[in-house]
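Colleague: Please take one part of this model and go through it closely, then follow the description outward to whatever else it helps to explain. Keep the terms explicit.

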Amino acid sequence: MVGTRREILLGGLALLGTGAVQKPVFAAASSYFDGTAVDNGVTYRKTNFAKIDKKWHRQVVKYFSSEPIGTVVVDTRHHFLYLIMENKTAIRYGVGVGREGFKWFGRATIDRKSLWPRWTPPPEMRKRHPELPEFVDGGSAKNPLGPRAMYLLRDGVDTGYRFHGTLEPGSIGKDASSGCIRMFNEDAIDLYQRCPIGTAVQVLPHIADQAENAIQVSETTPVE
């Protein structure tokens, strides 16, 4: 059963939360990056995972859920995104989520996907930050969406929220965005490949609040 509009846009600040980020930080700490890679003709900086706490690394974990295989579940309190797999497992990704006043919870579907997406700050964000450009081209080093965006819709209506990459790897594991779910760029590429159009998404405040022992993590296995 799809949640109500209020559940999707919890907090009464839906319009304020429609942007990917509060304000892009174009000069990210260099220590979070190491070398470059090429993706679809675009050169980008690779995440320096040696500087990232291992709990935020992409890995396979034990996961017990009544949701169908292929569903994406986000635990906003603990900053994890789970892609449910077979045999009671999931791929777990560390993510950054909405800061206070911009959090949202509910169900949606990935109904649009984009490689190196163009970023257009919504009017509400530009009103708060008039110095922002009208748009930033896809592939630009200043584009806060990074290499991939997966657009979350409900009943065919864009919620304004996305799963996407980030200019700020240090924000993963934190409440940092205007509602969108940030991922390491490499993880955004990985999730994009695994989630077809129509993928079901559930964003929760805290998985354990929904069902006792809903998730149990055992020894983890890194995902290449």
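Modeller: Buried means under 20% relative accessible area, exposed over 50%, and partly exposed in between (1.4 Å probe, protein chains only). Helices (H or I, at least four residues) and strands (E, at least two) are DSSP runs numbered from the N terminus. The model is predicted, so local features need pLDDT of at least 70 and side-chain atom pairs pLDDT 80 or more, while totals for chains, interfaces and linings use all residues. Residues are numbered from 1 along each chain as its sequence is written, and side-chain values use heavy atoms, without hydrogens or water.

The part I would pick is strand 5, residues 80-84, in which five of five residues are buried. The cover applies to both faces of strand 5: Phe80, Tyr82 and Ile84 are buried on one side, and Leu81 and Leu83 are buried on the other.

Strand 5 has an antiparallel partner in strand 4, residues 72-75, joined to it by four bridges. Pairing here requires at least two DSSP bridges between the strands. One of the positions involved is Val74, whose bridge partner in strand 5 is Leu81. Strands 4 and 5 form a hairpin with four residues between the strands. In that hairpin His79 takes a positive phi near 65°.

Strand 5 also pairs with strand 6, residues 89-98, in the antiparallel sense and over five bridges. Here Ile84 has Ala90 in strand 6 as its bridge partner. Strands 5 and 6 form a hairpin too, with four residues between them. Asn87 lies in the loop between these two strands and has a positive phi of about 60°, although it is not a glycine. Most residues other than glycine have a negative phi. Asn87 counts as exposed because its relative accessibility is 62%, whereas the residues of strand 5 are buried.

A positive phi also turns up elsewhere, in a covered setting. Trp116 is not a glycine, and its phi is near 40°. Trp116 sits in the loop between strand 7 (106-115) and helix 2 (123-128). Its relative accessible area is 13%, so Trp116 is buried, while Asn87 in its own loop is exposed.

Trp116 leads on to Arg148, since the two touch. Contact means heavy atoms within 4.5 Å. Arg148 belongs to strand 8, residues 148-154, and is buried because its relative accessible area is 3%. Leaving aside residues up to four places away in sequence, Arg148 touches twelve named positions, including Ser114, Leu115, Trp116 and Pro117. Also among them are Asp39 and Asn40, Phe163, His164 and Gly165, and Ala188, Ile189 and Tyr192.

Ala188, Ile189 and Tyr192 are buried residues of helix 3. Helix 3 spans residues 185-194 and is mostly covered, with eight of its 10 residues buried. Its buried residues also include Asn185, Glu186, Asp190 and Leu191. Asp187 is found in helix 3 as well, and it counts as buried because its relative accessibility is 1%. With the same sequence neighbours left out, Asp187 touches Arg58 and Tyr93. The C-alpha atom of Asp187 is separated by 10.0 Å from that of Pro147, 40 residues away along the chain.
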